[in-house]
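This briefing walks through one structure for a reader who is meeting it for the first time. Please look over the sequence and the model, and then follow the notes below by topic.

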Amino acid sequence: MKHLLSTSELSHADAVQILDTADQMAAVSSRAVKKLPALRGRTVVNLFFEDSTRTRISFETAAKRLSADVINFSAKGSSVSKGESLKDTAQTLMAMSADAVVIRHPSSGAPQQLADSGWIDAAVVNAGDGKHAHPTQALLDAMTLRRVRSRATGVASTGMDLEGMHVVIVGDVLHSRVARSNVWLLTTLGARVTLVAPPTLVPVATDNWPCEVSYDLDAVLSEAPDAVMMLRLQRERMNAAFFPSEAEYTRGWGLTAQRVQRLEAVGAPTVFMHPGPMNRGLEISSEAADSPRSTVLEQVANGVSVRMAVLFLLLSGDESSPNPSEN
Amino acid sequence: MSCYLIGNARPEGGDPADLLVTDGTVTAVGAPGSLQVPEDAEVIDASGLIALPGLVDMHTHLREPGREDAETVQTGTRAAARGGFTAVFAMANSNPVADTAGVVEQVWQLGRDAGWTDVHPVGAVTVGLEGTRLSEIRAMAESRAAVRMFSDDGKCVHDPVLMRRALEYVKAFDGIIAQHAQEPRLTEGAQMNEGAVSADLGLTGWPAVAEEAIIARDVLLAQHVGSRLHICHLSTEGSVEIVRWAKSRGVYVTAEVTPHHLMLTDELVRTFDPVYKVNPPLRTDADVQALRRAVAEGTIDVVGTDHAPHTAEDKECEWSCAAHGMTGLETALSVVQLSLVDTGLIGWDRVAQIMSHRPAGILGLTDQGQPLRPGSVANLVLWDPAGATPVDPATHASKGRNSPYRGMTLPGSVRATFYRGHPVVRDGELATPLGR
């Protein structure tokens, strides 16, 4: 693996290896000295063409825990608004001998262009591109699901996949790179994925996607799924007539207090996931967000571990263990 | 006096014949060796080559005036000559827009001065291509450029009342409105064909219905007012069905397809290489097959290149900010051979129809698209169907390097182009322009 651009290119073995490595990284993060020397002397550039404080600090923390030098390059608007081109930015980074470029970009495909262009030598990690992909988000979700399963079964997570788990992804699938990346990764790992959204927020041709699509959240929740992942709803979607009002959206597709109570009543195992930041009261109620079923903060913590694993695997160039015990 | 004997060529793919070209006119055609040849005639051995009437491109972007960094009339017509074209129609989306007699006369004069092909400017339907009021169409028609085709190409004349008025107005001089069919609201922010690939890539979709809805409306408008309508670059199976239906009702509608829509599909967008970004977008394989059949059955009348050169800066960037368009003049006939002839769908006589006779007929050109027989103006191309064209944009005469075929080897090659009896291309290379 030279780059991490999307989850559709990850094999089952690749994905399990990343998650196993992430589990080892998580052990590092729980120690008093949260640092490994693995990437000492290597340079990781966070190239963000779009604001995302959460994702950037997650990658920054990950790189620093591996002892890499981190450069944050905020290029918001510079390329798309016809300032410096992506090509010039990339070549500038190459001139600074970056070993990895973590790129967040509003245009779908920009990370792949960077990787394929020949403008740059470094490993490219997609930190979210347009509506296309957000592979590390899907990996942290998979890690979270694996840990949920591990806790429920008492079986250690190492080597585990998500075979047989039922994961429901709810909300604005049309505009969501998180949903796209999760559909591919979670099904590669054996999970059954159901997308739930108003019909206006589902792409017109999802026939090739390895998942089911439903417009009825209550019917899907009545199956007592293992997890329900709420997608963040951009409030500007309402102005483009995707749905009539926020209240109607919440009644139809929000994880409301009533829906939480119904799951409690039947003793469903369902955990509540959200990539953040949450719109409380819109796609997710406070009852859900603050419930013991919520994995939102665990997802954030797992994000650092997964990003450590990805940077380690891309930059260490072999499949050896990070061996955290020999720090 | 100039005199060429083109020996042993196959006119429109038929039996071998000799053609005598004297002072810009085809003066004799006969069985090989049967013609009386003047002593000073230059003999060109065309054994194995197909002779086609000079190609006529209804849809070219020459970028001059305004974007001379992307293309000029000089470089664009050199590219046309290399591709076997002897006439091109230059679309109006220049800067300033070709919406006045002054601009169309400028482009027409630049074409004459260059001397590689005829250049017929297309006039804008609306002022500044803004879709709000008609440009001075009659002034352009009466100018030295004698404009007959009007188009806001690149933008759709989406206001139904304005479209109706335009269709009616050009009847005064047998003009034709060429519509770029794209419903603007349905394509806001659109980046690629809407379908399975756009769903995967998260690029905003460009639904087929945005094209088909405008075509359906416009064929009905054309029927209502009894006007001529030309549909630029059809790209969907549904568009073909609407045009077929309209023709069966007697609507005077003609339809065009580009070479790239006959060959390439939206699967290429998975590379995110902006060379594949084009308007209308590359569609699905089902659309490609439907377009090919539509050419074979006659629903589609002409192939137009939509040659759209762009600078590297406008293409070497993120997909969403890259310009739409691809070059096409120097590869058009190869792509037609690959997608239509080599597949057995049509013969060379039909190629001559869709790329020369028919476009010349639609535009009322009397000195282009003529049959290869005595008395015709000697516009012709010699094509080697067994040849090969390795596509290296760096060697193209066009300034545009944005060829979607780069790195491929396409079938066939232009060996010579005669423009008004003068060989502007010889041995596959540009020779000299026609002096006037």
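Buried area is the accessible area, taken with a 1.4 Å probe, that two parts lose on being put together, summed over both. By that reckoning, chain B and chain A bury about 1,700 Å² between them, and carbon and sulfur atoms give 47% of it. The model is a predicted one, and the notes turn from the contact between the chains to the two domains of chain B, the record annotations and the salt bridges.

**Where chain B meets chain A**

- The contact between the chains draws on 21 residues from chain B and 22 residues from chain A.
- On the side of chain B, the residues that lose the most area to chain A are B:Phe272, B:Glu316 and B:Glu318, which together account for 33% of what that side buries.
- One salt bridge is counted between chain B and chain A, and B:Glu316 takes part in a salt bridge with A:Lys87, where the closest N and O atoms are 2.7 Å apart.
- Between chain B and chain A there are also 13 residue pairs in polar contact, with both residues at pLDDT 80 or more.
- Helix H5 of chain B, residues 196–201, gives the most to the side of chain B that touches chain A, contributing five residues.
- Sorted by class, the side of chain B that touches chain A consists of nine nonpolar, six polar and six charged residues.

**The two domains of chain B**

- The domain assignment splits chain B into domain 1, made of 3–51 + 375–430, and domain 2, which covers 54–362.
- The C-alpha centres of domain 1 of chain B and domain 2 of chain B are 26 Å apart, and their contact takes 35 residues from domain 1 and 47 residues from domain 2.
- These two domains of chain B bury about 3,300 Å² between them, with 59% of that area on carbon and sulfur atoms.
- Of the area that domain 1 of chain B buries against domain 2 of chain B, 21% comes from B:Lys399, B:Asn402 and B:Tyr405, more than any other three residues supply.
- Two salt bridges are found across this interface of domain 1 and domain 2 of chain B, together with 21 residue pairs in polar contact, both residues being at pLDDT 80 or more.
- Strands E16 (380–390), E17 (409–419) and E18 (422–426) of chain B are the elements that give two or more residues to the side of domain 1 that touches domain 2, and E17 of chain B gives the most, with seven residues.
- The side of domain 1 of chain B that touches domain 2 of chain B has 18 nonpolar, twelve polar and five charged residues.

**Annotations from the record**

- In an unreviewed entry, UniProt places the domain feature "Aspartate/ornithine carbamoyltransferase Asp/Orn-binding" at residues 163–313 of chain A; this span is 37% helix and 13% strand, and its end C-alpha atoms lie 24 Å apart.
- For chain B, an unreviewed UniProt entry places the domain feature "Dihydroorotase catalytic" at residues 50–237, a stretch that is 35% helix and 18% strand, with end C-alpha atoms 31 Å apart.

**Salt bridges within the chains**

- Over all chains, the structure holds 36 salt bridges.
- In chain A, A:Arg146 forms a salt bridge with A:Asp23, the closest N and O atoms being 2.7 Å apart. A:Arg146 lies in helix H5 (residues 135–153) of chain A and A:Asp23 in helix H1 (residues 12–29) of chain A, so this pair ties together parts that are 123 residues apart in sequence.
- In chain B, B:Arg406 pairs with B:Asp273 in a salt bridge whose closest N and O atoms are 2.3 Å apart.

Notes. Residues numbered from 1 in each chain as written. Chains lettered and ligands numbered in written order. Predicted model: local features only at pLDDT ≥ 70, side-chain atom pairs only at ≥ 80, totals over all residues. Heavy atoms only, no water. UniProt positions renumbered as here; feature names shortened; annotations may be inferred. Helix = DSSP H or I, 4+ residues; strand = E, 2+ residues; numbered from the N terminus. Domains from an automatic or database assignment. Contact = heavy atoms within 4.5 Å. Salt bridge = Lys/Arg side-chain N within 4 Å of Asp/Glu carboxyl O. Polar contact = N/O pair within 3.5 Å; in protein donor to acceptor, adjacent residues only side chain to side chain. Nonpolar A, V, L, I, M, F, W, Y, C, P; charged D, E, K, R; others polar.
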